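Colleague: Could you take me through one part of this model slowly, the place where the ligands sit? I'd like the contacts and what holds them, in plain words.

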Amino acid sequence: MPNKPQMAEDIYILGIESSCDDTAAAVLCNGKIRSNIVATQKVHQQYGGVVPELASRAHQQNIVPVIHQAIANANIGKKDISAIAFTRGPGLMGSLLVGTSFAKSLSMGLGIPLIEVNHMQAHILAHFIEEDGFKKPEFPFLAMTISGGHTQIVKVNDYFTMEVIGETIDDAVGEAFDKSAKILGLPYPGGPLIDKYAREGDPKAFKFPKPKVGGLDFSFSGFKTAVLYFVEKQTKEDPDFIEKNLKDICASIQYTIVEILMDKLKKAVKETGIKQVAIGGGVSANSGIRNALYDAERRYKWQCFIPKFEYTTDNAAMIAIAGHYKYLKQEFSDFSTTAQARYKI
Ligand code: KG4
Ligand code: ZN
């Protein structure tokens, strides 16, 4: 068991994130950002998706320099760190092992507490990073976590008391973006590119079907297939169809995906009576979903919480803030803790 901390005046948490293809480290002081470093792995682009074995190797290469830089940019020394928070899961096992092993070793070497963090909880807790001009949600609130690996609607009762009330039964929404982009010949990750082209296209140009899934659950595998059949049919008639219509296709894809998400979110608000809605995860960078939420604030009097861009895709600041709140509760891990590829919220 690592040493118990002395409750110093300032709490410095070093966060480490390595669950997928971003190696990230951040330092928070009393919940405020002091540094936030992300090394995004480019090696996967040529494969059209994340290659787990290559991700683990790249984490091994990046983790030491990324952590060094996070500590240096925070203008502190290693001895100032109060505790180390790391992503225990969910994620790719080989990737998680790099961050987990490093966090354990550093905690042992420095004699400071170790704090395990659930990546999906951290996407939600990113809203609690102290930022001027940003309001924090109050409990209970609804959070929709939308990323390359997950699509969930979560009722957040407290920092670490969260209830999944809806989730995808197949693909994640980020995959729907990335796979649609791949069909259009765009590189990985295609989500941001669909967003870029969609801004200049007509969202009603083409119609894609919305899945019929019960309750608050989502499904995106049929959507991706519909995009594939549509593009195949059109390019048979006109080989230049994609080139001529890229912006309209992207706008129509984005419009449909945002509608699918918003339909369920509206249903969740209706069922729970909670009108505070937060989003998190890579897809929360999407301009379509952001605009839909701004619209819902005006139209339905929701109070929406939209993260800053740097806290949408995977980052370690969100791991550090989750660590900060566990630190306040003195909730520490011992050295027998292990990475968990599947890890419930
Ligand atoms: O949270 P994240 O960085 O990693 C996971 O935990 O999966 O999310 C990555 C996902 C990718 O699927 C990427 O295409 C998507 O987020 N994404 C976007 C946008 N920015 C990132 N999707 C749509 N529009 C965007 N602007
Ligand atoms: Zn994520």
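Modeller: Here is a walk through the ligand site, with the metal after it.

A word on the ground rules: this is a predicted model, where local features need pLDDT of at least 70, side-chain atom pairs count only at pLDDT 80 or more, and totals for chains, interfaces and linings use all residues. Residues are numbered from 1 along each chain as its sequence is written, chains are lettered from A and ligands numbered from 1 in the order in which they are written, and side-chain values use heavy atoms, with hydrogens and water left out.

Let's start with ligand 1. It has 19 residues around it, and Gly148, Asp178, Asp195, Gly282 and Asn286 come nearest; a residue is in that shell if one of its heavy atoms lies within 4 Å of the ligand. Sorted by class, the shell holds 11 polar, 5 nonpolar and 3 charged residues. For that sorting, Ala, Val, Leu, Ile, Met, Phe, Trp, Tyr, Cys and Pro are nonpolar, Asp, Glu, Lys and Arg are charged, and the others, Gly among them, are polar. Helix 3 (119–125), helix 4 (173–183) and helix 5 (191–198) each give at least two residues to this shell; helices are DSSP runs of H or I, at least four residues, and strands are runs of E, at least two, numbered from the N terminus.

Now the N and O atoms. A polar side-chain atom of Asp195 sits 2.9 Å from a nitrogen of ligand 1. A polar backbone atom of Gly282 is 3.0 Å from an oxygen of the ligand, and a backbone N or O atom of Gly191 is 3.3 Å from a ligand oxygen. For such pairs the cut-off is 3.5 Å. Overall, the protein covers 90% of the 560 Å² of accessible area that ligand 1 has on its own, by the Shrake-Rupley method with a 1.4 Å probe.

On to the zinc ion, ligand 2. His119 (NE2), His123 (NE2) and Asp314 (OD) coordinate it at 2.1 to 2.2 Å; donors are N, O and S atoms within 2.8 Å of the metal (3.2 Å for Na, K and Ca), and water is not among the atoms, so sites may look incomplete. In sequence, the donor residues follow the spacing H-x3-H-x190-D. His123 lies in helix 3 and Asp314 in the loop between strand 10 (303–305) and helix 9 (317–328), so this pair ties together parts 191 residues apart in sequence. Both His123 and Asp314 are buried, meaning under 20% relative accessible area (1.4 Å probe, protein chains only).

Methods: Polar contact = N/O pair within 3.5 Å; in protein donor to acceptor, adjacent residues only side chain to side chain. Buried < 20%, exposed > 50% of the residue type's maximum accessible area, 1.4 Å probe, protein only.
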